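Please look through the structure below before reading on. The text after it takes the parts in turn.

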Amino acid sequence: MKESYGRHIMWTHGSRIRAGAIAVLLSSGGLVASLPSADGAAQRAAGPEEVVAGGTLDVYATQRAPALVRVRGNGSAVAAWVAGDYDVAGPVSVALRSPGGTWSAPVALSAPLGARSGYDVAVGPRGLASVVWDRKVGGVWQVEESHRSGGGWTAPVVVDAGRAPHTTVDGRGTTTLAWNRAGVRTSLRTEAGSWTAPTRVGPGPGSPLQVASNADGDLVVAWHVGDQVRAAVRPHGSGWSGVKVLRGYPRRVSVTGVQAAMDPDGRALVLWSTTGIWNDSAHEYFNHLGWSRSTPAGAWSPARYLTRSLGEDGGAVSLTMTAAGTALAGWVQIHRSDSPAFAWAARFRSTGTWTAPVRVSATRVSWDGPRTWLDPRGVAHLVVGAGDPERIWSFQQRPGRSWDAGTRLTRGVFLDAHGQGRHLVAVYWRAAMLRAMGVTPGA
């Protein structure tokens, strides 16, 4: 089966361990509690805690610019993060994880960023990896990138002026960057080539902005500008399609998150969340999850709603797609700002329809989770942080079954997680150290 090189993620949730727990495992620095699932399925097995970097990391800095991790199908991974304190960012640093769970020594790719900056990381076939960030030099923001292909990391290259860059590596080994500069711009680089001249895809600034690819090199970029959600696709070997306005919104309604994925046949899926007040006097909130799907040629379906009940505050959204064209969405649903937040999820079928949304967590979770992942067996996974002090929880759902009661992986401030094949790696902060844990799903 081909690997899909879009964004795949899985997070955890925090609730009390109920009676009937069948196993409690103590790893180095983390408690892993395994609960019996609702359908009797075997639970996932968490490996020992892995230290990625430590000694100087500040929790406020890691929360402001959370560490990112991307995993390959063999269990190897790349983690990227920014050290420093809350106000002054240090360099973008990376570390490599072997399939066996050993991390390399951290390497600083950039000069100190100084100001608050954005960055992203992606992995691809044959050991390819790309890290991109923005940095202010002489009063001008510029997009810089470093990549790796079997050897060491390249010296950073300035691709263009601009901000908020994102990166994806497709199955052919081509890296594509997307960023903001007087609109949304992109540049491509083949595995053995150099960066193409930037192409303006559409008006901006695109915030939030996402770019995704599939194994064949088809691309989608999606963003929010003004009161509209926009997207464009680029079949491999062709140019960008015309920009499509997927949905426009009235004043006082904001798009808070955009996610994009590309299926193996070149059809893009875009999901977005909104927050805002529709009617002050009636306390009517216009908070929902909208979505649209394209054809390979760039024609888009009318915008539809996955849910209209995000509550007073729309929460974070995660989207992952498999090489078979199925997808999983996870999000946080909050009734009011002073109410508990719960994790929800829905599956996207290859036929182009969603299953009914289901509440995954029984108790409150962190607002900034979750992450989702679909493994090769079609088992859905959701990881999210919960509790105070925070714990990291993992949930799974076998096809045709209910979501299980969850597994408490470890304690710490949850930052990111990513799954590929049958491997998941979560990264988190605890006691001035960036830590990781590998998780293998149950049978």
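**A walk through the predicted model**

At 12% relative accessibility, Trp-354 counts as buried, because buried means under 20% relative accessible area. The model shown here is predicted. Trp-354 is a starting point for the walk, and its surroundings come up again below.

Begin with the chain as a whole. Its secondary structure comes to one helix and 36 strands. The protein chain has 443 residues, and buried residues make up 58% of them. Take the contacts between residues at least 6 apart in sequence: 50% of these join residues at least 24 apart.

Now to the aromatic rings. A pair of aromatic rings is described by the distance of the centres and the angle of the planes. The structure holds four aromatic pairs. One of them is formed by Trp-291 and Phe-348, with 5.7 Å from centre to centre and 70 degrees between the planes, an edge-to-face arrangement. Trp-291 belongs to strand E24 (residues 289-293) and Phe-348 to strand E28 (residues 341-348), so this pair ties together parts that lie 57 residues apart in sequence. Both rings belong to buried residues: Trp-291 has 5% relative accessibility, and Phe-348 has a relative accessible area of 2%.

Trp-291 also pairs with Trp-354. Here the ring centres are 6.1 Å apart and the planes stand at 75 degrees, so this pair is edge-to-face. Since Trp-354 is in the loop between E28 and strand E29 (358-359), while Trp-291 is in strand E24, the pair ties together parts 63 residues apart in sequence. Trp-291, Phe-348 and Trp-354 form one aromatic cluster.

What does Leu-306 touch, not counting residues up to four places away in sequence? Its contacts are Leu-271, Leu-289, Trp-291, Ala-329, Trp-331, Ala-346, Trp-354, Thr-355 and Pro-357. Two members of the aromatic cluster, Trp-291 and Trp-354, are thus among the residues that Leu-306 touches. Leu-306 has its place in strand E25 (residues 304-307) and is buried, with a relative accessible area of 9%. Along the chain, Leu-306 and Trp-354 are 48 residues apart, yet their C-alpha atoms are separated by 7.4 Å.

Strand E28, which holds Phe-348, deserves a second look. Seven of its eight residues are buried, so E28 is largely enclosed by the rest of the structure. E28 pairs with E29 in the antiparallel sense, over two bridges, and Trp-344 stands opposite Arg-359 in E29. The charged end of Arg-359 sits over the ring of Phe-342, 4.0 Å from the ring centre. Elsewhere in the chain, Arg-163 lies over the face of Trp-141, at 3.5 Å from the ring centre.

The next topic is the nonpolar cores. In soluble globular proteins, nonpolar side chains tend to be buried together. The largest nonpolar core here has 35 residues, and those that touch the most other members are Val-52, Trp-81, Trp-103, Val-131 and Leu-434. Strand E6 (residues 77-84) supplies the largest share of this core, seven residues. Apart from this core lies another one, of 17 residues, including Ala-212, Val-258, Ala-260 and Ala-268. Val-131 can also be followed through its contacts. Leaving aside neighbours within four places in sequence, Val-131 is in contact with Val-92, Val-94, Leu-109, Asp-120, Val-121, Glu-144, Glu-145, Ser-146 and Trp-153.

Last come the sheets. Strands of a sheet pair through backbone hydrogen bonds, either parallel or antiparallel. Strand E6 is part of an open sheet of four strands with the order E5-E6-E7-E8 and antiparallel pairing. At the edges are strand E5 (68-71) and strand E8 (107-108), each of which pairs on one side only. E5 and E6 are joined in the antiparallel sense over four bridges, and Leu-68 stands opposite Ala-80 in E6.

An open sheet of four strands is also found in the order E17-E18-E19-E20, with antiparallel pairing. Its edge strands, each pairing on one side only, are strand E17 (209-213) and strand E20 (244-248). Neighbouring strands of this sheet are turned by 15 degrees against each other on average, direction ignored. Within the sheet, strand E18 (residues 219-225) and strand E19 (residues 228-234) pair in the antiparallel sense over seven bridges. The bridge partner of Ala-222 in E19 is Ala-231.

Note on methods. Residues numbered from 1 in each chain as written. Predicted model: local features only at pLDDT ≥ 70, side-chain atom pairs only at ≥ 80, totals over all residues. Heavy atoms only, no water. Phe/Tyr/Trp six-rings, centres within 6.5 Å; stacked < 30°, edge-to-face > 60°. Buried < 20%, exposed > 50% of the residue type's maximum accessible area, 1.4 Å probe, protein only. Lys NZ or Arg CZ within 6 Å of the ring centre and 35° of its normal. Core = buried A, V, L, I, M, F, W, Y, C linked by side-chain atoms within 4.5 Å. Contact = heavy atoms within 4.5 Å. Pairing = 2+ DSSP bridges. Axes fitted to C-alpha atoms, helices over the stretch in contact; angles between N-to-C directions.
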